[in-house]
Amino acid sequence: PDGSTRYTQMTNGGPLHVYVRDGRILRTDVIEFGADDPEPWTIEARGRRFSPQRKGCVAPHSLTLKSTVYSEDRILYPMKRVDFDPSGERNPQNRGISGYERISWDEALDIVGSEILRQKRVHGPGAIALAHPSHHQWGNVGYYLSAMMRFGNTVGVTRVVLNPDSWEGWYWGAMHHHGGSMRLGTGSGYGTLEDALKEADQIVYWSADPESQFGGYSGTEASQRRLWAKELGIEAIHINPHYSPTAAFTGGKWFPIVPGTDTALALALMYVWITEDTYDHHFVENRSTGFEEWKDYILGKTDGVPKTPEWQEGETGIAARDCRSLARSWASKKTYLGVGMAGLGFGGACRNASGIQWARAMVMLMAMQGWGRPGVNLGNLAMGTPVDLEFYFPGYADGGMSGELQNTASATNNYVRMPHLLSMNPVRQIVPRQRLPEAILDGKATGYLLDPTSIEAQFMPFEYPAPGYSKIHMLYRYGGSAMGTIADSSRFAKMYRSPELECVVSQSIWMEGETGFADIILPACTQFERFDIGEWNNTGGFGFHWQSAVNHRVIALQHKCIEPLGESRSDYQILWDVCKRIGLGNYFSEGCSELDWAKRVYESSDVAKHISWKDLCRKGYYIVPPEPPALRAPVDMRWFYEGRPKDVPEPFPLPGGYSDKWLHGLQTQSSKFEFIPSSLKRLDPEQADRPALMRYTRPFEGARDGERYKRFPIQLLTPHQRFSFHTSQDGKGSAISDLADHRMPIGGHYYQIVRISPSDAASRGIGHRQLVKVWNDQGAVICAAEVTPRLVEGVAHSYESSASYKPIGEPGASPDIGGCMNILTPNRMQADGTVASAGSLCMVEIEPWSGDGAIQEAAE
Amino acid sequence: MTKWNLIFDVARCNSCNNCVLATKDEYLFNRFDGYSEPAPRLGDLWLTLQRKERGKAPMMDVSHYITTCQQCDNAPCISERSKGVITKRADGIVTIDPAAANGRKDLVETCPYGQIFWNEELQVPQKWSFDAHLIDAGRKEPRCVTACPTRAIEAVKLDDAKMAALASDQDLQQLNPELGTKPRIWYRNFDRVTANFLGGTVVRVRDGIEDNVEGVEVRLAVNGEVHASCRTDIYGDFRFDQLPAPIEGSLQVLADDGRLLAALDFQITESRYLGIIEIDA
Ligand SMILES: Nc1nc2c(c(=O)[nH]1)N[C@H]1C(S)=C(S)[C@@H](COP(=O)(O)OP(=O)(O)OC[C@H]3O[C@@H](n4cnc5c(=O)[nH]c(N)nc54)[C@H](O)[C@@H]3O)O[C@H]1N2
Ligand SMILES: Nc1nc2c(c(=O)[nH]1)N[C@H]1C(S)=C(S)[C@@H](COP(=O)(O)OP(=O)(O)OC[C@H]3O[C@@H](n4cnc5c(=O)[nH]c(N)nc54)[C@H](O)[C@@H]3O)O[C@H]1N2
Ligand code: SF4
Ligand code: SF4
Ligand SMILES: [Ca+2]
Ligand SMILES: [Mo+4]
């Protein structure tokens, strides 16, 4: 009636209806399901029946997207740094300082195309590095694991590889105890929603704030389930240094633990269970190995230190009596342990210097209470809805059109179902993204593989430079988030100004973070400006069957709602155009447009059996009907607890990964839960930071002792943004800027918020909404202070992932008013022999800031 | 004649801000002829979320509630001065005619809730008008309601008598009722914002070991009369909520046989966690 056209999109926070009028986005709205959409499932629990609402409950960051599409920081034209002359002086030292001039697409593509060939000729294979972030706007075609992967293979690049940054402690630690390598050491969540609602008495949210991390990509779908749990009297417990939004929502007992010390609390809980004999003997005796040795450590026979509640009090700040009460409550009631954003793993505590210990301790707690017993499992209501998981549709990690069989899940999904050209990278050299600055600046770096095929694959080191390959002299950067997301991020500012990098290309949507360090900027468009196809919260890959986090499986044709702004182009188009310049346009594209590819993905999936292409294009989405209760997935680990062959619908571990008969037991060497992992024993039983017999040690960064503590007495937590998906919706005039819990406008500039306790504020003379300098030896960030009782003395809180980086002087060496808290975090790895980032906790001092003049200048 | 009301439930809100952002999305860059000029990109939120923090670690409570134009029936913004500019519609919605309002910065101060915002760029006073342009086009509820994942916000269209009955039935509160503006925005479980709690933890030491005491009775008395009573939980915690502010009285911790285990006087003007109360035995 208002002259608008309604399109459909799928975003990182859920599906949207997009209304467009006169070529502009009018509104982005929640999708309310219609009469022709299937009815939802029902769960019966304790005499009540629960069904989800018939709409897609999205994350707040989805509802802010229109404001970032029309951002003043959008890059609308190809640009070249003014003092970058590809055939003359390149002035790398001026990256991040000098400005840009508009150039034509032809000129931009000529420069990039000829530089690619020049690099190969002059330096040889490996000279071109391709770096990308962990996330991307949603889809199966334009995604980095799809088109960008194929581009990298087409060009031949040194891949800058990701560490398992979301999983760290689980991948490098917990996995050794229970296997689950295909999920990087976390649980699967099958059937746990129904089990929790029917059986559980309480849920422990340990380093978990799912009302902020929204189960990852599943929006606010689980919020309603937490209200159900409340109505059923299922209690909530929160172990978190921050009184989180989830705690505010569910209520319940709060344990404001000293960050980085959680393992001590966990050990003391086990101490109480052992001394009061309240652990699950069935599990421990029949399903585990190594318990006697472990018990000796807990009781102090190994090291003379019994891990008593009194002992942990000195570490964690949690009273011994509270520790005993928690242990007794946990053992006497059926308890779910809900770690991290979806209850199955993750959690800020897995990303600090003691993250490996913590995740290991968490699965040992599960084992001692009978993991898989009714009402006892990993979960926090974020996962395990009874949606139909047998219906096939690919997730973003399933390879899309990449044709890349090793570094995506394509080999078992898209490649076999959607015949397309195989692609392969001729360059074997890789470099870890946490060590990219060292690779460039020092000329060498060591990494360890992110490889899910086995428990042991992670032990494999790799070196940069790889024998016989060229060092990196050209960086093709896709996105520009590192200043906000990688530890000790000033390193990147230094790296960019190194003469080793002869050319830096940035393919970006917005001018932010690192983008302004590039020589050539290629303007990409947002997902609203191109076609794609995707399913809500379906990541595939390591997140196999994560669709069980949402209430309805929603598969959307992602319409091109508007034309690309300015001269921006879709990523796919840009990559194709570059490939044309080197004679490989057809190899890259198979002559297909993005819509053609979306159709090919559709045809390869089960959706094609239920709705015609035309109807899908017209309606925009398809909802997979829930299956009859009899076909619902069984509960994760129940089979193991009961000693049956594995019956949950995951094809993991690989058939050859069992050491008992197929489907019998876990992936570990003993096929049992291993308190003392045999994989770590084989590696090196006494490896200092990752011994086979796990020991509690204070984190090297973040402990309340030592010299550093005297100078930097505040522990700064940097968990994930609530209102943005990492850097994506932060900054750039985003509508979330005005949210009181996101940023604070002071003098016209929107400052990152640092939250501090009333006592720390008082002792430093810091008032609410006052500008402060948060600093340590690595640098300083100017923030606005929020004084709140949600933190105890000595702990501060600020989100990682600032999109804007605004040094008030020399890049990399002056205070930042953009809000990049990762300037302050340690780049040291959690343990030798890993690339486990430890950035979520660091030591800082905070003081009032009055350098207004400098800020005024920088803000302009 | 049925009229629009909005009911907000403090106990259902997860503070996701979807309501705030959906409302912002509706007005950002958009002109709805006869209804509203575009909202400014940054600065004012016509519907926003307030936060209330009570208590301190380890016993505290945080809740949220929306603030926006209250669609008052007895609206101070509607007067001779705003005649032809601000109007109360038959369905209860209060709207500002953007054309007539041009240049009328003086109207901003007429709202005692601070819910009329001045758009400097467009020189027009603005506020949230219940998404009237969508309602008139047949939408069944404003966008904040659709975007809410927990049904913490509901839009109901009732005649005033029915609404009054519902309000008294469910103990719905209004913002600043003392202003006499007769708002059409109602708040459920608003005690979490307006009332105070008083809590503490009962512990005892035996053989040198301190433990929480579960299940003892704690009584709260005012002027010698028992006002409320509860039992400690497994953490020894007790919490009396919905207390008026300020309040003074005494607490008694009682054994099962009625023996007095501990007693103390209190006086509070805001929510308070008293900390540890040690008992013998
Ligand atoms: N201190 C601290 N640091 C952390 C963490 C922590 O807990 N604490 N968490 C870590 C974790 S788990 C993660 S996953 C990482 C995330 O770190 P990153 O992956 O680096 O962060 P993102 O913001 O997701 O990066 C996305 C980038 O890609 C761009 N982009 C998005 N979509 C597109 C597109 O369609 N085309 C193009 N060309 N560009 C696009 C965005 O603009 C942005 O620059 O952060 C890690 N860093
Ligand atoms: N809105 C939104 N959602 C997201 C993301 C986003 O950027 N925005 N990112 C997504 C990604 S990539 C990931 S990996 C996940 C991350 O999901 P999580 O890893 O679960 O998230 P975090 O915010 O890092 O940590 C969760 C909680 O751990 C607490 N915490 C931190 N350190 C400690 C500690 O030492 N001890 C204890 N007990 N608690 C601690 C923090 O206060 C926080 O409340 O979220 C995903 N979801
Ligand atoms: S809240 Fe203010 S603007 Fe809204 S009707 Fe009442 S007086 Fe008028
Ligand atoms: S959308 Fe609903 S749950 Fe979210 S903040 Fe608004 S009222 Fe609260
Ligand atoms: Ca099934
Ligand atoms: Mo992550």
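**Exercise 1.** Among contacts in chain A between residues at least 6 apart in sequence, what percentage joins residues at least 24 apart? Set the result beside the corresponding value for chain B.

*Solution.* The model is a predicted one.
Step 1. Take the contacts in chain A whose partners are at least 6 apart in sequence; 74% of them join residues at least 24 apart.
Step 2. Apply a separation of 6 or more to chain B; residues 24 or more positions apart account for 59% of those contacts.

**Exercise 2.** Use the radius of gyration to judge whether chain A and chain B are compact or spread out.

*Solution.*
Step 1. Chain A has 860 residues, for which a compact globule would have a radius of gyration near 29 Å. The value for chain A is 26 Å, which agrees.
Step 2. The C-alpha atoms of chain A fill a box of roughly 75 × 65 × 60 Å along the principal axes.
Step 3. Chain B contains 5 helices and 17 strands. For its 281 residues the globule rule gives 19 Å, but the radius of gyration is 24 Å, well over that value, so chain B is more spread out than a compact globule.
Step 4. The box for the C-alpha atoms of chain B, again along the principal axes, is roughly 80 × 35 × 35 Å.

**Exercise 3.** Describe burial and accessible surface for each chain.

*Solution.*
Step 1. In chain A, 69% of the 860 residues count as buried; in chain B, 55% of the 281 residues do.
Step 2. The accessible surface of chain A comes to about 25,800 Å², with 52% belonging to carbon and sulfur atoms.
Step 3. Chain B exposes about 12,000 Å², and carbon and sulfur atoms supply 45% of that area.

**Exercise 4.** Locate the residues that touch the most other members of the largest nonpolar core, and list the contacts of A:Met368.

*Solution.*
Step 1. The largest nonpolar core holds 107 residues. Those touching the most other members are A:Leu197, A:Trp206, A:Leu269, A:Trp294, A:Met362 and A:Met368.
Step 2. Set aside neighbours of A:Met368 within four places in sequence; its contacts are then A:Met270, A:Trp273, A:Ile274, A:Tyr279, A:Asp280, A:Val284, A:Phe291, A:Trp294 and A:Phe675.
Step 3. Another core, of 71 residues, lies apart from this one, and its members include A:Ile103, A:Val505, A:Val554 and A:Ala556.

**Exercise 5.** How many positive and negative side chains does each chain have, and how far apart do the centres of the two sets lie?

*Solution.*
Step 1. Chain A has 86 positive and 99 negative side chains, with the centres of the two sets 2 Å apart.
Step 2. Chain B has 33 positive and 42 negative side chains, and the two centres lie 6 Å apart.

Methods
Residues are numbered from 1 along each chain as its sequence is written. Chains are lettered from A and ligands numbered from 1 in the order in which they are written. This is a predicted model: local features need pLDDT of at least 70, side-chain atom pairs count only at pLDDT 80 or more; totals for chains, interfaces and linings use all residues. Side-chain values use heavy atoms; hydrogens and water are left out. A nonpolar core is a set of buried Ala, Val, Leu, Ile, Met, Phe, Trp, Tyr and Cys residues joined through side-chain atoms within 4.5 Å. Buried means under 20% relative accessible area, exposed over 50%, partly exposed in between (1.4 Å probe, protein chains only). Contact means heavy atoms within 4.5 Å. The radius of gyration is taken over C-alpha atoms; the globule rule is 2.2 Å times the number of residues to the power 0.38. Accessible areas come from the Shrake-Rupley method with a 1.4 Å probe; for residues, only the protein chains shown count as cover. Lys and Arg count as positive and Asp and Glu as negative; His and the chain ends are not counted. The place of a charge is taken as NZ of Lys, CZ of Arg, CG of Asp or CD of Glu. Helices (H or I, at least four residues) and strands (E, at least two) are DSSP runs, numbered from the N terminus.
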